[in-house]
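Work through the following exercises with the model open. Try each task before reading its solution.

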Amino acid sequence: MICLGIEGTAEKLGVGIVTDGGEILANAIKHMPLVTGIHPREAAQHHADNMGAVLEQALDGANLDLGAIDLIAFSQGPGLGPCLRVAAVSARTLSLVNDIPLIGVNHCIGHIEIGMLLTGARDPITLYVSGGNTQIIAFDSGRYRVFGETLDIAIGNCIDQFARSAGIGNPGGPVVEKLALDGKYIPLPYVVKGMDLSFSGIYTAAVNALAKHRVEDVCCGLQETAFAMITEVTERAIAHTEKREVMLAGGVAINKRLQEMIKTMAHEHGAEFFIPQKDVLGDNGAMIAWAGILRYKSGERQSLEDTAVRQRFRTDEVDVKWR
Ligand code: ATP
Ligand code: FE2
C-alpha cells in the first residue's frame, strides 16, 4: 500500500509519500517565508498557491503518478483553521476525483509515529516541542495520553516572539541557540504548575531583560530556563510511567542544548534517548502519510462527513487501534 499524506496545519505545506513497509518515497516541503508571526489566512493562501507544485514535486520525487496511490491522508488538526481547510479540501478532491480512500489523522500523533518508525523507539515518552505545541506524551490504555503541556503559548512560539521583539531574526530558534553559546546565564521566571508549563511570563521577562543585559545572556537564560522546565516535567513523566525510552519531536527538538539536557536526564533514569533525523522533526507530509497508513490498516474508515477539520483536535482524543 502507498499513501500520500498532506500536511498543512500552520505555515509549512508538506506532501509525503510512504509505503506500508515504512519506506519514505518522497517528502516534499514548502516553507512560507515569514517576517512576522503566522497570519492564518495568508498561510492558507500560500498553501493553496503551492499545493499543485508540492504535490507534483512529491509524485515526481517518488517517480509515481496518482494512479499508484492507494490512500490519501491529511492533517485533520490541531492547527490554524484556514490552513487546515486548504489541506482538507485538497485531500478530499484528490480522493473523490481519483477514487482513492481518504483518512484524516491527528498531527501530533503523526510526529510520534514517524519518530518511532525512524528511530526504532517502541514505547517512548515523547517530548513534542514546536512553534505551536508543547506536550509530553506517552501511550497508556489505548491512547496517547498527555502527561504535561503548556497552559499558554508553545515553547517555539515563546522563542520566536522573543527573537522578533529583540530584532534578531525569524524564526528565532536557530538564532537564539547560536547567540546563547556566547551568553552567560541570567535567571528568568521558571513556571511549572503540577505537570503543566507556562511560557508567556518568561517571554515578557526575557524581553524586559534586554534593557539591562546583553542579548546573548538573555538568550542563554531563556534557553536554560525554558528547557529545564520541560526537562523537569519529562523527568516526572518517566518516573510516573516507568517507560524506558524518551523521544524528541517537533522543530524545537533540533536544538542541541535541549537534546543534551533531555539525553542526560534520560540516561540518569536508565532510559534510552531517541531523536529522529532532522527532516522529519519538523512538520512534514511523510508523518501524515505514515499515521494514515497505521490508522487505515487498523480498520478505521472515514466518511466524507467525518473529514471536517478540527482546530483543537487533542492527541488524547484518538483511540489508537494500531498498537
Ligand atoms: P507545529 O504545527 O507542530 O506546532 P511548527 O509549525 O511550529 O509546528 P516545526 O517545524 O515543528 O513547525 O517547528 C518550528 C519551530 O521550531 C519554530 O518555533 C522554530 O523557532 C523552532 N526551531 C527551529 N530550529 C530550532 C533550534 N535550533 N532551536 C530551537 N528552536 C528551533
Ligand atoms: Fe507539528
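The exercises cover domains, backbone geometry, a cavity and a pocket.

This is a predicted model, where local features need pLDDT of at least 70, side-chain atom pairs count only at pLDDT 80 or more, and totals for chains, interfaces and linings use all residues. Residues are numbered from 1 along each chain as its sequence is written, chains are lettered from A and ligands numbered from 1 in the order in which they are written, and side-chain values use heavy atoms, without hydrogens and water.

**Exercise 1. Domains**

Task: Divide the protein chain into domains and describe the contact between domain 1 and domain 2.

Solution.
- Step 1: Set the bounds. Domain 1 covers 2-111 + 280-317, and domain 2 covers 124-276. Such bounds come from an automatic or database domain assignment.
- Step 2: Place the centres. Taken over C-alpha atoms, the centres of domain 1 and domain 2 are 27 Å apart.
- Step 3: Count the contact residues. Domain 1 contributes 17 residues and domain 2 contributes 20 residues. Contact here means heavy atoms within 4.5 Å.
- Step 4: Size the interface. Interface size is often given as the accessible area lost when the parts come together. Between domain 1 and domain 2, about 1,300 Å² is buried, and carbon and sulfur atoms give 58% of that area. Buried area is the accessible area (1.4 Å probe) that two parts lose on being put together, summed over both.

**Exercise 2. Backbone geometry**

Task: Locate the cis peptide bond before Pro78 and the one before Pro171, then examine the positive phi values of Asp99 and Glu242.

Solution.
- Step 1: Fix the element terms. Helices (H or I, at least four residues) and strands (E, at least two) are DSSP runs, numbered from the N terminus.
- Step 2: Take Pro78. Gly77 and Pro78 are joined by a cis peptide bond, with omega about 0°. Pro78 sits in the loop between β4 (71-77) and α2 (81-98).
- Step 3: Take Pro171. The bond from Asn170 to Pro171 is cis, and omega is near 0°. Pro171 belongs to the loop between α4 (155-166) and α5 (172-180).
- Step 4: Take Asp99. Phi is positive, about 55°, although Asp99 is not a glycine. Asp99 lies in the loop between α2 and β5 (102-106). Asp99 counts as exposed because its relative accessibility is 70%. The classes are buried (under 20% relative accessible area), exposed (over 50%) and partly exposed in between, with a 1.4 Å probe and protein chains only.
- Step 5: Take Glu242. Its phi is positive too, near 60°. The loop between α7 (215-241) and β11 (245-249) holds Glu242. At 62% relative accessibility, Glu242 is exposed.

**Exercise 3. Cavity and pocket**

Task: Describe the lining of the largest cavity and of the second largest pocket.

Solution.
- Step 1: Fix the terms. On a 1 Å grid over the protein atoms alone, a cavity is a set of points where a 1.4 Å probe fits but cannot get out; a pocket is an open set with protein on both sides within 12 Å along at least five of seven lines; lining residues have an atom within 4 Å of a point.
- Step 2: Take the cavity. The whole structure has one cavity of 30 Å³ or more. Its lining includes Ile112, Met116, Phe139, Tyr144 and Arg323. β7 (134-140) and α3 (107-119) each supply at least two lining residues. β7 gives the largest share, three residues.
- Step 3: Take the pocket. The second largest pocket is lined by 17 residues, with Gly104, Arg295, Arg310, Phe313 and Val318 nearest its centre. β5 and α9 (285-297) give two or more residues each. β5 gives the most, three residues.

Definitions and conventions:
Grid points are joined across faces, edges and corners, and a volume is the space filled by probe spheres set on the points.
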